[in-house]
Amino acid sequence: MTRLKKGLRYYYKVGSDNGGWSKTHSFVSRNGDSDETTAFMFGDMGTATPYATFSRTQDESISTVKWILRDIEALGDKPAFVSHIGDISYARGYSWLWDQFFSQIEPLASKLPYHVCIGNHEYDWPSQPWKPEWATMYGKDGGGECGVPYSLKFNMPGNSSEPTGTGAPATRNLYYSFDVGSVHFVYISTETNFVQGSKQLEFIKRDLEGVDRRKTPFVVMQGHRPMYTTSNERGDAPMREKMLEHLEPLFVKNNVTLALWGHVHRYERFCQLNNYTCGSVGPVHVVIGMAGQDWQPIWEPRPDHLTDPIYPQPERSLYRGGEFGYTRLVATKQKLTLSYVGNHDGKVHDTLEILASGQVLGVNGAGIKAVDSSSGGAGEPGVIGDSGESTFSWFVKGASLLVLGIFVGYVGGYVSYARKKAGTGNNWTPVKSEDM
Ligand SMILES: [Fe+2]
């Protein structure tokens, strides 16, 4: 839509006199004069169906939509947008699942722009045109869609396109960028050619060099498959190598602030990275593929226990979450904040703060590891396979808690007794549970 007035709420209906009209919806247009940026960002959300089906669906996506809707309502008349970075509906060739998906996101997509980039589940198929010999990870994840529904159902900025090689319409919406408030957002495709000599790499190069950092001090890069993850996704290792070789030098040279990835269905926040090394150069990498799809590879095993399920958190990984949810990006000219909201309580579980100077703050401390105590399951570092020492330490902790509990109970009982005695003369009443 063009020629919209800045930061204004528009009301609209869709339909026709013959086919009937929708109810009235509204959205707030982008405000080019404002420094503020608000975005809801996640990957791998998928679709839920209200009935059993032969196709695996993603029930958690309902909660993700619900909590984002709460946040949009809280924003009032501030504009915002959604960023869904690949593995969108998991329709994988079933058109009715796309329909189901669009119905599910309608409460969001009718109120704000819904941006996407392509994931393996929209695209990958053995006959896809670009398949270098190292791309062993390209399988049948797209279910034969070959990016066609993705290209026709969405209309993203830019004019990137690659031929499908099948006579079907070209694959579109591959790479593009735009400014919102104080942030320059770039979307890339990890499923099509991004190596030296590709149109995409040329685009990224030109785009990053052209950013006016006085206007947008922050640059946020987004793509589907992660450049960094500590999940044990061995199949993607050759791709990560190519990303490190061809993309990372551009990210580092052009001071990209933040790199957001999906594909791994967990939240994982890293330090500022350059060639696997934490430091003060390179973007902070965060994996945000926790919006709904529940399948999850295990974390990296300990290097000297390759066959044992021991998952220590490497130095570069500062926070691993085990909960479904999404991230909320809020930025001004001075500061960018990324918050990880968990679906079970709708609360913030991790926060990352980056100043316009490039300094990374991080509520948990930039270099300090944090583990989400609410997250459980097999993916948690150092839980499974710990030795008897930890059993013993749990026994000691349990015994200590028991002693503490008896003591608190005794004191609490006495205080309650004394209070009751003072209040009611000589009448003694038993301590009730609600007194404690
Ligand atoms: Fe994926």
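Let me begin with a term: a residue is called buried if 20 or more other C-beta atoms lie within 10 Å of its own. With that in hand, and bearing in mind that what you have in front of you is a predicted model, we can say that buried residues make up 39% of the 436 residues in the protein.

In terms of secondary structure, the protein contains eight helices and 21 strands. If we take the contacts with a separation of 6 or more, 65% of them are between residues that stand 24 or more positions apart in the chain.

I would like to turn next to the interior. The largest nonpolar core has 82 residues, and within it the residues with the most contacts are Leu258, Leu260 and Val286. Helix α2 gives the most to this core, with five residues. Which residues does leucine 260 touch, once its neighbours within four places in sequence are left aside? The answer is Met41, Ile85, Val220, Gln222, Val286 and Ile288, and Val286 is itself one of the residues named a moment ago for having the most contacts inside the core.

Since α2 has come up, let us look at how it packs with α1. Helix α1 covers residues 61-75 and helix α2 covers residues 95-109, and the two pack at an angle of about 15°, with their axes 9 Å apart. Angles under 35 degrees count as roughly parallel, and so α1 is described as roughly parallel to α2. The crossing of these two helices is left-handed. On the α1 side the contact involves Ser61, Val65, Ile68 and Leu69, which meet Gln104, Ile105, Pro107 and Leu108 of α2. Sorted by character, the residues of this contact are six nonpolar and two polar, with no charged ones.

Finally, I want to draw your attention to two loop residues with a backbone feature in common. Asparagine 173, which is not a glycine, nevertheless has a positive phi of about 60°, and its place is in the loop between β9 (171-172) and β10 (176-180). Histidine 263, also not a glycine, has a positive phi of about 75°, and this histidine lies in the loop between β13 (258-261) and β14 (267-274).

Are these two loop positions buried or exposed? Asparagine 173 counts as buried because it has 25 C-beta neighbours inside 10 Å, where the cut-off is 20 or more. Histidine 263 is likewise buried, since 26 other C-beta atoms lie within 10 Å.

Methods:
Residues are numbered from 1 along each chain as its sequence is written. This is a predicted model: local features need pLDDT of at least 70, side-chain atom pairs count only at pLDDT 80 or more; totals for chains, interfaces and linings use all residues. Axes are lines fitted to C-alpha atoms, for helices over the stretch in contact, and angles run from 0 to 180 degrees between N-to-C directions. Helices (H or I, at least four residues) and strands (E, at least two) are DSSP runs, numbered from the N terminus. Angles under 35 degrees count as roughly parallel, over 145 as roughly antiparallel, 65 to 115 as roughly perpendicular and the rest as oblique. A crossing is left-handed if the near helix is turned anticlockwise from the far one by less than a right angle, and right-handed if clockwise. Two residues are in contact if their C-beta atoms, placed from the backbone, lie within 7 Å. Ala, Val, Leu, Ile, Met, Phe, Trp, Tyr, Cys and Pro count as nonpolar, Asp, Glu, Lys and Arg as charged, and the others, Gly among them, as polar. A nonpolar core is a set of buried Ala, Val, Leu, Ile, Met, Phe, Trp, Tyr and Cys residues joined through C-beta atoms within 7 Å. A residue is buried if 20 or more other C-beta atoms lie within 10 Å of its own, exposed if 12 or fewer, and partly exposed in between; C-beta atoms are placed from the backbone.
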